[in-house]
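The following report describes one protein chain, from its overall layout to its interior. Please keep the sequence and the structure in view while reading.

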Amino acid sequence: MPVPEVVVRGITVDVTDLSRGKQFWSRLLGLEVVAENDTYVWLEEVVPGMRLILQRVPEPKTVKNRVHLEISPTDPDSAIRWIESLGGTRIGDVEGPDYALAVMADPDGNEFCVNRRPSVGLLGTTKMP
């Protein structure tokens, strides 16, 4: 069987309140809304060809995310304060020999990481941690 070509075009975040999610994620990432309806909000491309999509769901988040975003701001401490001012929460910190990050959550409790010291795997090198 031939291997099909697969391209990731979006990452979807489930939220219970589309308006609150749209406000948080668009302000955090500095992205404009390109389309929306009663169930979805599509933000501008995060990188060429890849969008962040918000999907309204009826149930609140109850367990840890199995997939999450990694963001690498130029000033991590300012970014963490900014995230908290937008309604995000700092859940904790994780530090390893080759990286340091703050685990954050959006207003719906969806986890994402702020790289305070990115791992070499996120810096575009071939040496993985």
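Accessible areas come from the Shrake-Rupley method with a 1.4 Å probe. For this predicted model, the accessible surface of the protein chain comes to about 8,300 Å², and carbon and sulfur atoms account for 53% of that surface. Of the 129 residues in the chain, 33% are buried. The C-alpha atoms fill a box of roughly 50 × 45 × 30 Å along the principal axes.

The protein chain contains two helices and eight strands, and their order along the sequence is β-α-β-β-β-β-α-β-β-β. Among contacts between residues at least 6 apart in sequence, 46% join residues at least 24 apart. The chain carries 14 positive and 19 negative charges, whose mean positions lie 3 Å apart.

The largest nonpolar core has 20 residues, and Trp25, Ile83, Phe112 and Val114 touch the most other members. Several elements each supply at least two residues of this core, including those in the table.

| Element | Residue range |
|---|---|
| Helix H1 | residues 18-29 |
| Helix H2 | residues 76-85 |
| Strand S3 | residues 40-47 |
| Strand S7 | residues 99-105 |
| Strand S8 | residues 111-117 |

Helix H1 gives the most to this core, with four residues.

Which residues does Ile83 contact, leaving aside its neighbours within four places in sequence? Ile83 is in contact with Phe24, Leu28, Ile71, Gly88, Met104, Phe112 and Val114. Among these partners of Ile83 are Phe112 and Val114, which were named above with Ile83 and Trp25 as the residues touching the most other members of the core.

Methods:
Residues numbered from 1 in each chain as written. Predicted model: local features only at pLDDT ≥ 70, side-chain atom pairs only at ≥ 80, totals over all residues. Heavy atoms only, no water. Buried < 20%, exposed > 50% of the residue type's maximum accessible area, 1.4 Å probe, protein only. Contact = heavy atoms within 4.5 Å. Lys, Arg positive; Asp, Glu negative; His and termini not counted. Charge placed at Lys NZ, Arg CZ, Asp CG, Glu CD. Core = buried A, V, L, I, M, F, W, Y, C linked by side-chain atoms within 4.5 Å.
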